[in-house]
Amino acid sequence: MRRLQNLFRLLSELLDFARTHKAWWIIPLVLLLLLVSVLIVGVSTISPFIYSLF
């Protein structure tokens, strides 16, 4: 639970930084990194089951 709180705090700080410094390019970059990390975690948990099908 504490990790989620830290993650949300980090994301809010990045959003505040983007607002104050007009660095809007950071938001798509962070979203892309989050998407890639979710895909890596998702594939690594599903891969043993897919391997057993073949």
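This passage walks through the fold, the surface and one charged contact of a predicted model.

Some ground rules come first: residues are numbered from 1 along each chain as its sequence is written, and side-chain values use heavy atoms, with hydrogens and water left out. As the model is predicted, local features need pLDDT of at least 70 and side-chain atom pairs count only at pLDDT 80 or more, while totals for chains, interfaces and linings use all residues.

The chain's secondary structure is easy to list: two helices and zero strands. (Helices are DSSP runs of H or I with at least four residues, strands are runs of E with at least two, and both are numbered from the N terminus.) Helix H1 covers residues 2-21 and helix H2 covers 26-53. H1, with its 20 residues, reaches 28 Å from first C-alpha to last, close to the 28 Å expected at 1.5 Å a residue; that expected span is 1.5 Å times one less than the number of residues. Right after H1 comes Lys22, whose phi is positive, near 55 degrees.

As for overall shape, the C-alpha trace spans about 50 × 25 × 5 Å along its principal axes. The radius of gyration is 16 Å, whereas a compact globule of 54 residues would have one near 10 Å. (This radius is taken over C-alpha atoms, and the globule rule is 2.2 Å times the number of residues to the power 0.38.) Buried residues make up just 7% of the 54, where buried means under 20% relative accessible area, exposed means over 50% and partly exposed is in between, with a 1.4 Å probe and protein chains only.

The chain exposes about 5200 Å², and carbon and sulfur atoms supply 75% of that. (Areas come from the Shrake-Rupley method with a 1.4 Å probe; for residues, only the protein chains shown count as cover.) Met1, Leu4, Leu7, Phe8, Leu10, Leu31 and Leu34 make a nonpolar surface patch of about 720 Å². Both H1 and H2 give two or more residues to this patch, and H1 gives the most, with four. Patch members have over 30% relative accessible area and no salt bridge; nonpolar side chains (Val, Leu, Ile, Met, Phe, Trp, Tyr) are joined within 5 Å, and like charges within 9 Å. Leu34, in helix H2, is partly exposed at 31%.

The structure holds one salt bridge, meaning a side-chain nitrogen of Lys or Arg within 4 Å of a carboxyl oxygen of Asp or Glu. Here Asp16 pairs with Arg19 at 3.6 Å, N to O. Both sit in H1, three residues apart, about one turn of the helix. Asp16 is partly exposed at 40% relative accessible area, and Arg19 is partly exposed at 46%.
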